[in-house]
Protein chains: 2
Amino acid sequence: MTTIDEHALDDLARGAAILGTGGGGHPYIGMLLAKQAIREHGPVELVQVDELDDDALVVPTAMMGAPTIFLEKIPNGAEFVNAFEALARYRGHVATHTCPAEAGGVNALTPFVVAARKRVPVVDADFMGRAFPELQMCTPTMYGISATPMAMADDKGNSVILETPSNAWTERIARTITIEMGCASMIALYSLSGAQLKKCGVRGTVSLSSRLGRLVREERAAHRDPVGAVVDALSGHRLFEGKAVDVDRRTESGFARAAVAIDGTGPYADSRLLLDARNEWLSAERDGEIVATAPDLIICLDSETGEAVLTEEIRYGFRVVVLAAPCDARWRTDAGLELAGPRCFGLDLDYVPIEARAQQTAEARMR
Amino acid sequence: MTTIDEHALDDLARGAAILGTGGGGHPYIGMLLAKQAIREHGPVELVQVDELDDDALVVPTAMMGAPTIFLEKIPNGAEFVNAFEALARYRGHVATHTCPAEAGGVNALTPFVVAARKRVPVVDADFMGRAFPELQMCTPTMYGISATPMAMADDKGNSVILETPSNAWTERIARTITIEMGCASMIALYSLSGAQLKKCGVRGTVSLSSRLGRLVREERAAHRDPVGAVVDALSGHRLFEGKAVDVDRRTESGFARAAVAIDGTGPYADSRLLLDARNEWLSAERDGEIVATAPDLIICLDSETGEAVLTEEIRYGFRVVVLAAPCDARWRTDAGLELAGPRCFGLDLDYVPIEARAQQTAEARMR
């Protein structure tokens, strides 16, 4: 049995920032909330998907809204429990477990607040294997599983139960309610039976975050190569290293867009990488050639520390390594690409898996 | 026992337009929906407040949104039943009755759709005694009774259950959801016990609408004075008669605002009346002097037919009589004026009851 104590949350948060692919909100606030809950109520049990009874009721909890708001208006933790309980009550069952809806960013940590307070285990799985900006961009959607009933709660005492005919409608209506709630809400949705979670969960992503966080910490302490360790752990591909020389940030239709130019150093001297972001890193273009796109994971790390650099924090002068890693295989199917392919983010690009792109680049070099 | 059949709906709709004080949406679509439901399922029983058991569960149903949208996107009637049933299910009780939340406009008719389909009686009461544009402007708010739980449904299959800490929050969140649902939703809210309704209902307003509608029809048929009959029935005061000479309509923060100038005829020759509207008629100013304001009922009738003229339909050349009638006494208390006094509509005016204003005017004339 794995338990997550207060101490283990540091590695988990560090790893979740990496799987956040630049977005998902900084895990810092989620980590503080989870630490406090564990300090008060005790460590949380982490269970594997295969250990679940088929009739378990797993109720994921998360924050919805603008991560910048969470930093200004810190939840007290009770809102997550309210959403969790409201959803279970509405379904007329007792929730036996919780789990993250997304492995990356702040929402990798929020379920630990509920788990500690309600003494339920966290399942080692999520519905993305990374972070995505919209509610319907989750594996259950591909299996025709509804995001609703969904519960929402805010700090003022408002709560909502939603039922929608599609997960795209869930996103639309929940987004507008979140904005009215002050751009931040605590939500519970995609409540699944154990049997459903076995089918559509992305497995082992909580452990993966913990492992990534530990690797970075240990490699750095040993003066070895934290970045290389992350690349290996994710079967990733190193795309670039260099210095951020231009950052163009703008807010468009509720999303944080950014275009970043990085001038190469070391083996990439005289090259330039352009990163495009909408909350998360979406595409990387090196010297006019696309070298990676969503739904593959594009990750930007501090060259020295190996810590993730978020789209909202990168600035002129940051020295970074950019890498890409394969997404969960289901995102590469037609159904997956229809939900979270490059065109879903306004990029007029066909998706090519990162392994194939890396292969092409290697061959081009040899010619 | 009073029953409302298909035929009786004509008078009810005509009277509800009068109590709508210019707003509340034209009852026409509501009347068509109610007629169809009664034709298919039979007449509806109308019961008096005193006949209710204290533990009856009364679930009012209504439309929320822009009346102009209802005309383009006509509900099929099932949405009202969905909201009605969702709310009763959420409360864990069987709804025994329905009633209008507002006596004026389209929502005077919508409960008859639910009543006919679900075979439940309509209670002869509402929560305004007129029409108002916002959800919290209801008598239960004065008694500290929550508008929530509230159910909302749309034509696409979305449904929502809301719980809010105040009725002002109900309005805010439900409004934003309604906009996302396409500017029209079908709602059930202010579900009250029989005991609660006895305390805070405005009694007899369904019968009053029917009576007003019948009076106008009969007086007109007998070539008598339909306008005078309405003034008498409402203990009202005739403020003006004349011809609309200027209409300035604009949409501001989701409300239909209008300023109308009427040049006097007959006893009001050489006078001018200015009417100000935000959905409903809000104030009347005659030759620079305020002669009536909300929450009293300001009503504009066609001089010939006695039919109500709505703020959205008045045009240059309309010949009208403007009258004012006293609102339910509770709107005149501090709590009532805080909720629906002139300042709630952006008018920098103190409320003076219409009887006192009429008295002042009469005295001024005698001097």
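Which residue stands opposite Ala184(B) in S9(B)? The partner is Gly65(B). This report starts from that pair and works outwards. The model is a predicted one.

## Confidence

Chain A has an average pLDDT of 95. In chain A, 99% of the residues score at least 70. For the complex, the predictor gives an ipTM of 0.86 and a pTM of 0.90.

## Around Ala184(B)

Ala184(B) sits in strand S9 of chain B, which covers residues 184–188. Is Ala184(B) buried or exposed? Ala184(B) has 23 other C-beta atoms within 10 Å. A residue counts as buried at 20 or more, so Ala184(B) is buried.

Which residues does Ala184(B) touch, leaving aside those up to four places away in sequence? They are Met63(B), Gly65(B), Ala66(B), Ile69(B), Phe70(B), Lys73(B) and Thr178(B). Ala125(B) is another matter. Ala184(B) and Ala125(B) are 59 residues apart in sequence, and their C-alpha atoms are 24 Å apart in space.

Now take the neighbouring strand. S4(B) spans residues 61–65. S4(B) and S9(B) run antiparallel and are joined by 5 bridges. S4(B) is mostly covered, with 5 of its 5 residues buried. Both of its faces are covered. On one side lie Thr61(B), Met63(B) and Gly65(B). On the other lie Ala62(B) and Met64(B).

## Strand pairs

The table lists antiparallel pairs, including one that joins the two chains.

| Strand pair | Bridges | An opposite pair of residues |
|---|---|---|
| S4(B) and S9(B) | 5 bridges | Gly65(B) and Ala184(B) |
| S13(B) and S14(B) | 7 bridges | Val260(B) and Leu275(B) |
| S14(B) and S15(B) | 6 bridges | Leu274(B) and Glu285(B) |
| S8 of chain A and S8(B) | 5 bridges | Glu163(A) and Ser159(B) |

S14(B) appears in two of these rows. On one side S14(B) pairs with S13(B), residues 255–264. S14(B) also pairs with S15(B), residues 280–286. How many of the 7 residues of S14(B) are buried? The count is 5, so S14(B) is largely enclosed by the rest of the structure.

S14(B) and S15(B) form a hairpin with 1 residue between them. Asn279(B) is in the turn, and its phi is positive, at about 65°.

## A glycine in a loop

Gly341(B) lies in the loop between helix H11 (334–340) and helix H12 (354–366) of chain B. Gly341(B) counts as partly exposed because it has 19 C-beta neighbours inside 10 Å. Leaving aside residues up to four places away in sequence, Gly341(B) touches Pro295(B) and Tyr351(B). Leu282(B) is 59 residues from Gly341(B) in sequence, yet their C-alpha atoms are 9.7 Å apart in space.

## Two domains in chain A

The domain assignment splits chain A into domain 1 (2–205) and domain 2 (225–366). Their C-alpha centres lie 26 Å apart. Across the boundary, 19 residues of domain 1 are in contact with 22 residues of domain 2. Two helices of chain A, H1 (8–19) and H6 (139–142), each supply at least two residues of the domain 1 side. That side has 8 nonpolar, 9 polar and 2 charged residues.

## Where the chains meet

How many residues does each chain bring to the contact between chain A and chain B? Chain B gives 16 residues and chain A gives 16 residues. On the chain B side, strand S8 (159–163) and helix H7 (167–180) each supply at least two residues. H7(B) provides the largest share, 6 residues. By class, the chain B side divides into 7 nonpolar, 5 polar and 4 charged residues.

The two S8 strands meet here, running antiparallel.

How do the copies relate? Two copies of a chain are related by a rotation about an axis and a shift along it. Here, a turn of 180° and a shift of 0.0 Å along the axis lay chain B on chain A, with an RMSD of 0.0 Å. That is the relation of a two-fold axis. Which residue of chain B comes closest to the rotation axis? Ile161(B) does, with its C-alpha at 2.4 Å.

The interface residues tell a matching story. Of those in chain B, 100% are also interface residues in chain A, so the copies meet through the same surface.

Methods
Residues are numbered from 1 along each chain as its sequence is written. Chains are lettered from A and ligands numbered from 1 in the order in which they are written. This is a predicted model: local features need pLDDT of at least 70, side-chain atom pairs count only at pLDDT 80 or more; totals for chains, interfaces and linings use all residues. Domain bounds come from an automatic or database domain assignment. Two residues are in contact if their C-beta atoms, placed from the backbone, lie within 7 Å. Helices (H or I, at least four residues) and strands (E, at least two) are DSSP runs, numbered from the N terminus. Ala, Val, Leu, Ile, Met, Phe, Trp, Tyr, Cys and Pro count as nonpolar, Asp, Glu, Lys and Arg as charged, and the others, Gly among them, as polar. Two strands pair if DSSP finds at least two bridges between them. pLDDT is the predictor's confidence in each residue, from 0 to 100. A residue is buried if 20 or more other C-beta atoms lie within 10 Å of its own, exposed if 12 or fewer, and partly exposed in between; C-beta atoms are placed from the backbone. Copies are superposed by least squares on the C-alpha atoms of residues with pLDDT of at least 70 in both.
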